[in-house]
Number of protein chains: 2
Amino acid sequence: MTQPRTRIQQKNITTILDAALEVFSQYGYRGSTLDQIALASGLSKPNLLYYFPSKDAIHIALLSSLMDTWLDPLRAMDSKGDPKQEILSYMHRKLEMSRDYPRESRLFANEIIQGAPRIKETINGELKELVDAKAKVIQNWISEGKIANVNPHHLIFSIWSLTQHYADFDVQVRSVLAGKEDDPYPEAKAYLDLLFTKLLTP
Amino acid sequence: MTQPRTRIQQKNITTILDAALEVFSQYGYRGSTLDQIALASGLSKPNLLYYFPSKDAIHIALLSSLMDTWLDPLRAMDSKGDPKQEILSYMHRKLEMSRDYPRESRLFANEIIQGAPRIKETINGELKELVDAKAKVIQNWISEGKIANVNPHHLIFSIWSLTQHYADFDVQVRSVLAGKEDDPYPEAKAYLDLLFTKLLTP
DNA sequence: GTCTATATTAAGATAGAC
DNA sequence: GTCTATCTTAATATAGAC
């Protein structure tokens, strides 16, 4: 789908991808059907297959179109900024993404839990290189005594897991907090702020 | 399957559940087929359905037989023990479960991400009650000044997310650590020990 | 570009012999 | 209890009219 598109094509493709995100993120790839995506998009099933050659193609298009956005917050971590603030800001952005884009988070979670069959190359390549580069930045901050000495890779994993948990395990979080917090995010932010502040203070 | 069983029945049921765990944890419920489970168990497809009435029944039997084991570490948290040590021990046991039972972790993760259709009652009931009870224990420790003032529910969420991440996102963790750590767990343990020690110290 | 109708295959489940 | 063969349904994908 790299050809130039008319307005109606563009609009339908966007509609399909949004419907597919809704469905795939909730039921996983195999658990989702073209009928569900057709229903969610308001288009007919054969019409989906006019825009995409197959169900798989829709899924792949979704994953790759979202991968960049997903990694943007980590890319934004600036080696020239204030170390503790840069890491906290990265955590905040990730937490906001869980809150504002939970479907995207669950789409990736489903994919990775099931062995990342469709995005393994990206993980082994682009993602690993980005993480390694940022881990070096963090290691430099540690060497300069700006933050406490923690394993940079595991620090990044912990930011991922702590923030994505609120999107991926949303049902469980809300069940457990029922009657206490209607919106888990304000408390999550306060808790994670404290956690990372204490962790990173030398 | 509450009737008394012969030895051969018992053995086959165990074999089926183990094969089902292998398959369901990797592909999710809908992504798994009875053919795959039959192949993994060494039994024929109709034979699976001699022991269980349906695919769904196998999945439900798996989930409920594992739920208890899954919550045991939290149950073991002792209000009369040393507060910081009890919480650290809980985290350690959860990390060991990720390392030793990653399939179980992914089975639950798949289920919860997709909205927990089959275990919502348990989450709203048994799980919530257990967490609320343990949150009270933690709150008492805080009131007594034994540990720092952190939100008990979010503390428990953070233990879940940080430890289960190593099982659920195993593929990603290992890809990112390729060439650095063959086994992520020793570094994970050291990192999480530091994290929770700093967090909980008043 | 969009639809109805349909071909094709995969997967859950059952029948019935042994 | 276990198997081969088969029924049935659901789901991907295509054909062909408009």
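**Salt bridges within the chains**

I looked first at the network of salt bridges that links A:D68, A:D72, A:R75 and A:E126. I count a salt bridge when a side-chain nitrogen of Lys or Arg lies within 4 Å of a carboxyl oxygen of Asp or Glu. The model is a predicted one, so I take local features only at pLDDT of at least 70 and side-chain atom pairs only at pLDDT 80 or more, while totals for chains, interfaces and linings use all residues. Residues are numbered from 1 along each chain as its sequence is written, chains are lettered from A and ligands numbered from 1 in the order in which they are written, and side-chain values use heavy atoms, with hydrogens and water left out.

Over all chains I find 30 salt bridges. In chain B, I noted B:R75 with B:D68, at 3.3 Å from N to O. B:R75 is partly exposed at 33% relative accessible area, and B:D68 is partly exposed at 43%. For these labels I use buried for under 20% relative accessible area, exposed for over 50%, and partly exposed in between (1.4 Å probe, protein chains only).

Next I looked up A:D35 and A:K45, whose side chains meet in a salt bridge of 3.4 Å, N to O. This pair links distant parts of the chain, with A:D35 in helix α2 (residues 34-41) and A:K45 in helix α3 of chain A, ten residues apart. My helices are DSSP runs of H or I, at least four residues, and are numbered from the N terminus, as are strands (E, at least two). A:D35 has a relative accessible area of 46% and is partly exposed; A:K45, at 36%, is partly exposed.

A:R174 and A:D170 form a salt bridge with their closest N and O atoms 2.7 Å apart. They sit four residues apart in helix α9 of chain A, so about one helical turn separates them. A:R174 is partly exposed at 34% relative accessibility.

**Chain A against chain B**

I count 58 residues from chain A and 58 residues from chain B in the contact (heavy atoms within 4.5 Å). The buried area is about 5,000 Å², with 64% from carbon and sulfur atoms. I take buried area as the accessible area (1.4 Å probe) that two parts lose on being put together, summed over both. A:I113, A:H154 and A:Y191 supply 15% of the area that chain A buries against chain B, more than any other three residues.

The rule finds two salt bridges across this interface. One that I looked up joins the side chains of A:D132 and B:K180, at 3.2 Å from N to O. On the side of chain A that touches chain B, α8(A) gives the largest share, twelve residues.

**DNA strand C**

Which residues come nearest to DNA strand C? Of the 17 around the strand, they are A:Q9, A:S44, A:Y51, B:L34 and B:K55. A residue is near when one of its heavy atoms lies within 4 Å of the strand. Sugar and phosphate make up 63% of the strand atoms that come within 4 Å of the protein.

I found a phosphate oxygen of the strand 2.8 Å from a polar backbone atom of B:L34, and one 2.8 Å from a polar backbone atom of B:K55. The side chain of A:N47 has an N or O atom 3.1 Å from a sugar or linking oxygen of the strand. Elements giving two or more residues to this surface are α1 (7-31) and α3 (45-51) of chain A, together with α3 (45-51) of chain B.

Definitions and conventions: A polar contact is a pair of N or O atoms within 3.5 Å; within protein, one must be able to donate a hydrogen and the other to accept it, and residues adjacent in sequence count only if both atoms are side-chain atoms.
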